[in-house]
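The exercises below ask the reader to work through one fold element by element, with a solution after each task. Please look at the sequence and the model before reading the solutions.

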Amino acid sequence: SVSIWERGVSAPPRHVQETLRNLYGDGPSERLLEAIRASIVISPNPCALLVLRDGRPVIDARSQTGVLGDTVECQTETLSSVYGDEIEGLCLNLVESGLFDGAIRTATIVCNSGPDGRQRPVRVSAAPFSLDQQSWWVRIDLRSLKMDDALNLSGGEMPSISIVPSS
């Protein structure tokens with residue numbers, strides 16, 4: 001009955017869920033995800049929304065501003081093609097540490113990176129989230145740094161990764 005669905009005791013059968021979705025449209029979670037994607041796409045700052053596909057973080061949505069402050073137009077939407085190989089490699093390290101399974105609350109990367117070999121010091125802030133405890137996304141924000149600031153943030157060694165675990 002509907003009351004046990006509302007209380008979360010059980011879920012309706014898949015065909016009923018699809019019928020309700022078709023009747024009433026997307027739920028609050030889907031609308032929130034679309035709002036997050038839209039905020040990223042229109043952002044004047046370099047940022048992206050990542051999803052996990054085949055064990056690798058890939059870009060689901062991104063702003064058009066690159067880490068070098070330029071406009072990035074890419075045919076492929078890989079982290080390395082947009083932000084550089086170093087960022088992609090360090091994000092893979094974070095995946096192994098639980099970036100897409102709820103083990104990490106936030107993470108910060110400080111490294112030299114950029115597309116096409118044009119590198120500069122950057123800070124990447126990563127914030128994972130889930131709307132249903134099954135699918136995870138990660139919002140990343142990138143900021144170019146002066147070398148002195150990058151070395152201060154990283155404790156003098158680059159690249160560096162700092163993780164705040166989930167409690």
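**Exercise 1.** Determine in which sense β3 and β6 pair, and over how many bridges.

Solution. Strand β3 (residues 104–113) and strand β6 (residues 160–165) pair in the antiparallel sense over 6 bridges, where strands are DSSP runs of E with at least two residues, helices are runs of H or I with at least four, and both are numbered from the N terminus; two strands count as paired if DSSP finds at least two bridges between them. Within this pairing, Ile-109 stands opposite Ile-161 in β6, and Val-110 has Ser-160 of β6 as its bridge partner. β3 also pairs with strand β4 (residues 120–130), again in the antiparallel sense, over 7 bridges, and there Asn-112 stands opposite Pro-121 of β4.

The model is a predicted one, in which local features need pLDDT of at least 70 and side-chain atom pairs count only at pLDDT 80 or more, while totals for chains, interfaces and linings use all residues. Residues are numbered from 1 along each chain as its sequence is written, and side-chain values use heavy atoms, with hydrogens and water left out.

**Exercise 2.** Place these strands in their sheet, and explain why β2 and β6 each have one side without a neighbour.

Solution. The order in the open sheet of 6 strands is β2-β1-β5-β4-β3-β6, with antiparallel pairing. β2 and β6 stand at the edges and have a single partner strand each, so one side of each is left without a neighbour in the sheet. Neighbouring strands are turned against each other by 25° on average, direction ignored, the angles being taken between lines fitted to C-alpha atoms (for helices over the stretch in contact) and running from 0 to 180 degrees between N-to-C directions.

**Exercise 3.** Work out how the buried residues of α3 are arranged around the helix axis.

Solution. Begin with the length: the 14 residues of helix α3 (residues 28–41) should span 20 Å at 1.5 Å a residue, and the end C-alpha atoms are 20 Å apart, which agrees; the expected span is 1.5 Å times one less than the number of residues. Next, Leu-33, Ile-36, Arg-37 and Ile-40 of α3 are buried, that is, under 20% relative accessible area with a 1.4 Å probe and protein chains only, whereas exposed means over 50% and partly exposed lies in between. Seen down the axis of α3, the buried residues fall within an arc of 100°, so they line one face of the helix; the arc is that of the directions from the helix axis to the C-beta atoms. On the other side of α3, Pro-28 and Arg-31 are exposed. Finally, the cover over the buried residues of α3 includes β1 (47–53), β2 (56–62), β4 and β5 (136–144), contact meaning heavy atoms within 4.5 Å.

**Exercise 4.** Find which residues of α5 are buried, and which strands the helix lies across.

Solution. Helix α5 (residues 85–96) has 12 residues and reaches 17 Å from its first C-alpha to its last, close to the 16 Å expected. Its buried residues are Ile-87, Glu-88, Leu-90, Cys-91, Leu-94 and Val-95. α5 lies across β1, β2, β3, β4, β5 and β6, and runs at about 155° to β3. After the helix comes Gly-98, whose phi is positive, near 105°.
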